[in-house]
Amino acid sequence: MSDGTLRLLLPRPLRRFPADLAAIVLLVLATGVATLAPVVSETPLRVVLGLVFALFAPGYAFIAALFPERGPRVEDTAATDGEESERSAATLDESVQEADDRSGLTERADPRRAGSIDGIERVALSFGLSIAITPLIGLLLNFTPFGIRLVPIVLSIGGFTLAATVIAALRRQALPTNERFRVPYRSWIGSARAELFAPETRLDAVLNVVLVVSLLLAISSVGYAVLVPKSGESFSEFYLLTENESGALVADDYPQNFTVGQSQPLTVGIGNHEHEQVDYSVVAQLQRVSVQNNSTTVRERRELDRFSRTIPANGSANWTHDVTPTLTGDRLRLTYLLYRGSPPETPTTGNAYRETHLWVNVSSRSDS
């Protein structure tokens, strides 16, 4: 089935939509799916599409809206013979002048001359403008209630790109058919095939091989960097939180005074940045300690509770622990010990993976 037959199967509005702009629309939609979909967002496809989406698509759509006309062709801008060039220029000037005289126009921009850009300029400006447009959108988002977050950024850049694409399509439709910009896919493919498989000299053949090998190495390097990212530092967060008056969890206003046998809530939290799923264990102890010469000695300890949590990579977990003291005294240390896997027979701050604590005072019921 030929390309023309396939094109006829599409609805009329889609048949008239330029192929390069349709590719930009598909890129925006594919990036939205790859970035926001639960499963696909964890794959390298998100990185590949995201780079093209942020660094090329908005600039290309903006340039397409500014310059809907085709750029100068090689046969229009470079002459193979001096006399032929002069004749072509003279003929073109005469035809343009005659057309202007008939239509009553004083000056009309020819898309092959001033006011148009060629393919290389279009691609270069697409990258340059994208690098300028994307930070500007982020700057504007910073002054909105949405902030600089993933979903607002994807929607904002995608919305700008789609709006510019629609404007570009409308401006192209307003031009005569022979003046509209089109990406010369077939001529590019034909030229590439001729250069690669039918080189004129042996030197061209060697250079073609070097070019193909270089492209393969570059693609392989980028693919390896995307598929096998360098792991950062591995660590686990371990923290205590309290609930403020509005119900939010904050690292402030911890309870300091307890009564033996009476419970007060604390929120225990773990953040897993170990790059793998981890089975954690937490041991809560109330310790009577003495501090002398910057050395802390545990005189007495009572275990209050134990917890186990399995947390996936880059995940976190918070849960409420009702602290019920069983010791009385001032400056007791309420200690939480974190372990990867099962805790040892005698959990201490020395053998714990992470430790956090609060200093509390516990009174008896008769004192309260």
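What follows is an exchange between a colleague and a modeller about this predicted model.

Colleague: How many helices and strands does the protein chain have?
Modeller: The chain runs to 368 residues, and 30% of them count as buried. Its secondary structure is made up of 11 helices and 9 strands.

Colleague: What percentage of the contacts with a separation of 6 or more joins residues 24 or more positions apart?
Modeller: Take the contacts in the protein chain with a separation of 6 or more. The share from residues 24 or more positions apart is 71%.

Colleague: How much of the exposed area do carbon and sulfur atoms supply?
Modeller: The protein chain exposes about 23400 Å². The part supplied by carbon and sulfur atoms is 59%.

Colleague: Which strands are the edge strands of the open sheet of 5 strands?
Modeller: The sheet has mixed pairing, and its order is β3-β9-β8-β5-β6. An edge strand here pairs on one side only. Those strands are β3 (257–259) and β6 (295–311).

Colleague: By what angle are neighbouring strands of this sheet turned against each other on average?
Modeller: Direction is ignored for this value. The average turn between neighbours is 35°.

Colleague: Over how many bridges do β5 and β6 pair?
Modeller: Strand β5 covers residues 278–292. Val289 stands opposite Val298 in β6. The two strands pair in the antiparallel sense, and the bridge count is 15.

Colleague: Which residue in β8 stands opposite Gln285?
Modeller: β5 and β8 run antiparallel and are joined by 8 bridges. Opposite Gln285, in β8, stands Thr335.

Colleague: Which residue in β9 stands opposite Leu332?
Modeller: β8 pairs with strand β9 (residues 354–363) in the antiparallel sense, over 8 bridges. Across from Leu332, in β9, is Val360.

Colleague: How many residues of strand β8 are buried?
Modeller: β8 follows β9 and precedes β5 in the sheet order β3-β9-β8-β5-β6. The strand spans residues 329–340 and is mostly covered. Of its 12 residues, the buried ones number 9.

Colleague: Which helix supplies the largest share of the nonpolar patch?
Modeller: The patch lies on the surface, has about 570 Å² of accessible area together, and consists of Val47, Leu51, Val52, Leu55, Val123, Phe127 and Ile131. Both α4 (45–55) and α8 (119–142) supply at least two residues. The largest share is 4 residues, and the helix is α4.

Colleague: Is Val123 buried, exposed or partly exposed?
Modeller: Val123 belongs to the nonpolar patch and sits in helix α8. Its relative accessible area is 39%. Buried means under 20% and exposed over 50%, so Val123 is partly exposed.

Colleague: Where is Asp253, and is this residue buried or exposed?
Modeller: Asp253 is not a glycine, although its phi is positive, at about 55°. Its place is the loop between β2 (249–250) and β3. The relative accessible area is 66%, above the 50% cut-off, so Asp253 is exposed.

Colleague: What is the relative accessibility of Asn293?
Modeller: Asn293 is found in the loop between β5 and β6. This residue also has a positive phi of about 55° without being a glycine. Asn293 counts as exposed, with a relative accessibility of 72%.

Conventions. Residues numbered from 1 in each chain as written. Predicted model: local features only at pLDDT ≥ 70, side-chain atom pairs only at ≥ 80, totals over all residues. Heavy atoms only, no water. Pairing = 2+ DSSP bridges. Axes fitted to C-alpha atoms, helices over the stretch in contact; angles between N-to-C directions. Patch = residues over 30% accessible without salt bridge, like charges linked within 9 Å, V, L, I, M, F, W, Y side chains within 5 Å. Areas by Shrake-Rupley, 256 points an atom, 1.4 Å probe, with all protein chains shown as cover. Salt bridge = Lys/Arg side-chain N within 4 Å of Asp/Glu carboxyl O. Buried < 20%, exposed > 50% of the residue type's maximum accessible area, 1.4 Å probe, protein only. Contact = heavy atoms within 4.5 Å.
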